[in-house]
Protein chains: 2
Amino acid sequence: MALMELKEAKDKFIHTWGTLATQWGINRTMAQIHALLLLSPRSMNADEIMADLQISRGNVNMNLRDLMDWGLIYKQLLPGERKEFFIAEKDIWKVAKQIAKERRRREIGPLIEAMEDLKEGIQPDTEEKEEFLKIVNEISKVSVFADNTMTSLLKSDENWLLNNFIKVFNK
Amino acid sequence: MALMELKEAKDKFIHTWGTLATQWGINRTMAQIHALLLLSPRSMNADEIMADLQISRGNVNMNLRDLMDWGLIYKQLLPGERKEFFIAEKDIWKVAKQIAKERRRREIGPLIEAMEDLKEGIQPDTEEKEEFLKIVNEISKVSVFADNTMTSLLKSDENWLLNNFIKVFNK
DNA sequence: AAAAACTTTCAGAATATTTTGAAAATTCAA
DNA sequence: TTGAATTTTCAAAATATTCTGAAAGTTTTT
């Protein structure tokens with residue numbers, strides 16, 4: 001890409017972040033607000049975000065709440081200000097961990113639960129039922145494994161250690 | 001959940017798989033066809049899938065192709081049959097790896113590329129631009145790390161080794 | 001207590017995604 | 001070849017998701 005001015009690059013960042021997000025099952029506007037706050041050196045209020053991204057108040061409000069649920073932004077009450085201000089977590093490692101954590105909770109958790117339910121509902125008293133349970137059990141095992149792996153990665157704040165482990169594995 | 005008959009359990013499995021899939025940004029019908037084939041002891045053709053899930057031919061055709069792109073099902077040409085038959089990969093570890101691989105490719109790849117583009121477009125000749133590049137660089141680092149981690153996990157066919165590593169980490 | 005400042009809600013509108021099904025294209029047997 | 005069987009395409013319809021903006025709710029100031 002050719003040389004860009006800062007404003008242009010920031011817009012591209014916000015736009016790109018929004019587009020990629022839809023590919024990961026995240027709402028585009030939520031991602032754009034997140035990107036905007038990530039790039040903003042100071043906290044912003046709803047009106048500023050509305051003006052910046054040209055979106056409605058309701059939309060901003062809803063997505064700010066979602067972003068807080070995801071643990072990606074914080075509410076900041078400034079002295080002497082009635083309005084609420086929002087600031088993004090700037091430590092990208094924390095951001096990544098937060099996203100991974102949330103996705104683990106939303107994507108793997110329900111899968112494990114659903115498989116447990118199925119296991120409990122079926123008595124393996126025929127060949128067919130055994131076949132079925134075999135698959136359910138396998139999925140159960142794999143999802144518990146994925147869950148554990150995620151948890152481990154998230155717990156390891158010593159990234160260098162993990163990093164080294166990974167490098168060895170790559171050889 | 002109370003005791004279920006096999007048919008009921010299979011339907012629940014297919015339904016659940018479809019619902020969960022939408023939460024991970026995957027098309028519901030694609031997931032249902034996948035679930036149906038996972039549970040089917042024999043390969044199925046388009047007409048059978050249409051009848052089973054009550055969906056149109058076009059829909060079945062499109063999603064079968066997507067499932068093949070994901071590497072989750074295979075086309076099977078049976079001798080003496082004009083119709084194409086499809087069979088799912090039954091090894092759940094392979095399925096999980098395939099899904100992880102595909103998501104890595106679709107979700108992390110474009111992110112890395114986008115950040116590289118931004119880095120190239122900006123000259124760090126002002127304080128502001130340096131700030132911006134710092135964030136882009138951080139995201140770049142984190143996504144390359146995530147990419148490597150995924151790759152390592154995928155390469156390790158010796159699951160026991162990884163499993164042990166993970167257990168140690170959990171202590 | 002009233003009013004002003006601000007946030008939240010939610011029904012309807014706008015947009016995006018998925019699905020249908022008939023027509024076009026392809027494959028294969030005769 | 002021809003034509004029957006099968007697969008693929010794609011425009012329009014159905015469905016699902018997201019967004020708007022005005023009204024309702026809340027908090028703070030006077």
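Let's start at one contact. An N or O atom in the side chain of B:N61 sits 2.3 Å from a phosphate oxygen of DNA strand D. That counts as a polar contact, a pair of N or O atoms within 3.5 Å; within protein, one must be able to donate a hydrogen and the other to accept it, and residues adjacent in sequence count only if both atoms are side-chain atoms.

A word on the model. It is predicted: local features need pLDDT of at least 70, side-chain atom pairs count only at pLDDT 80 or more, and totals for chains, interfaces and linings use all residues. Residues are numbered from 1 along each chain as its sequence is written, chains are lettered from A and ligands numbered from 1 in the order in which they are written, and side-chain values use heavy atoms, with hydrogens and water left out.

Back to DNA strand D. Chain A reaches its phosphates too. A polar side-chain atom of A:T29 lies 2.4 Å from a phosphate oxygen of DNA strand D. For the side chain of A:N27, the distance from an N or O atom to a phosphate oxygen is 3.3 Å. Two elements give two or more residues to the surface near this strand: α4 (57-69) of chain A and α4 of chain B. Near means a heavy atom within 4 Å. Helices are DSSP runs of H or I, at least four residues; strands are runs of E, at least two; both are numbered from the N terminus.

Which helix gives the most to the surface near DNA strand D? It is α4(B), with 4 residues. Of the strand D atoms within 4 Å of the protein, 72% belong to sugar or phosphate.

Now DNA strand C. It has 15 residues around it, and A:N61, A:R82 and B:T29 are among the closest. Sugar and phosphate make up 70% of its atoms within 4 Å of the protein. Backbone atoms take part here. A backbone N or O of A:E84 is 2.8 Å from a phosphate oxygen of strand C. For B:S56, a backbone N or O is 2.7 Å from one. And a base? An N or O atom in the side chain of B:R82 lies 3.2 Å from a base oxygen of strand C. Here α4(A) gives the most to the surface, with 4 residues.

Last, the sheet in chain B. Its 3 strands run in the order β1-β3-β2, open and antiparallel. Strands pair if DSSP finds at least two bridges between them. β2(B) and β3 (residues 85-88) of chain B share 4 bridges. There, B:I73 stands opposite B:A88.
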